[in-house]
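Welcome, and please open your viewer with the chain ready for picking residues. We will go from stop to stop, and each stop tells you what to select.

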Amino acid sequence: MSSIIVRGLDESVKDRLAAQAKEHGRSMEAEVRDILMRASLRPHIGIALMRVAREAGGAEELRIPERSDAARSVDFG
């Protein structure tokens, strides 16, 4: 098993992690381990979209339409 140390963690984050761990009935270490495990398994949306685009034949030849509208100023008054 590997270990990591997280420095500079805001005290409020630590407090929320402790509360979340208590709510789940486990130690803060077990809570953080679970959070990191789930986060590491979640797919990266950018990479997933890039793979889908490649499988569909790429996106290099997609036409980007010219913009003909002009930006409007906003009156906050």
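Start with H44, which counts as exposed because its relative accessibility is 53%; buried means under 20% relative accessible area, exposed over 50%, and partly exposed in between, with a 1.4 Å probe and protein chains only. You will find H44 in the loop between α2 (28–41) and α3 (45–55); helices here are DSSP runs of H or I with at least four residues, numbered from the N terminus.

Before going on, a word on the model: it is predicted, so local features need pLDDT of at least 70 and side-chain atom pairs count only at pLDDT 80 or more, while totals for chains, interfaces and linings use all residues. Residues are numbered from 1 along each chain as its sequence is written, and side-chain values use heavy atoms, with hydrogens and water left out.

Stay with H44 and add I47: the H44 side chain reaches the backbone nitrogen of I47 at 3.2 Å. Now pick V13 as well; its C-alpha atom is separated from that of H44 by 24 Å, with the two positions 31 residues apart along the chain.

Next, select E31 in helix α2. Is E31 buried or exposed? E31 counts as buried, because its relative accessibility is 0%. Show the side chains of E31 and H24, which are joined by a polar contact of 3.0 Å; such a contact is a pair of N or O atoms within 3.5 Å, and within protein one must be able to donate a hydrogen and the other to accept it, with residues adjacent in sequence counting only if both atoms are side-chain atoms.

Keep E31 and add R26, D34 and R38: these four are linked in a network of salt bridges, each bridge being a side-chain nitrogen of Lys or Arg within 4 Å of a carboxyl oxygen of Asp or Glu. Within it, D34 and R26 have their closest N and O atoms 3.2 Å apart. D34 is partly exposed, with a relative accessible area of 25%, and R26 is also partly exposed, at 33%.

Still in helix α2, select E29 and R33, which are 4 residues apart, about one turn of the helix. Their side chains meet in a salt bridge of 2.9 Å, N to O. E29 counts as exposed at 57% relative accessibility, whereas R33 is partly exposed at 44%.

Finish with K14 and E11 in helix α1, 3 residues apart and separated by about one helical turn. Their salt bridge has its closest N and O atoms 3.9 Å apart.

Technical notes. Helix = DSSP H or I, 4+ residues; strand = E, 2+ residues; numbered from the N terminus.
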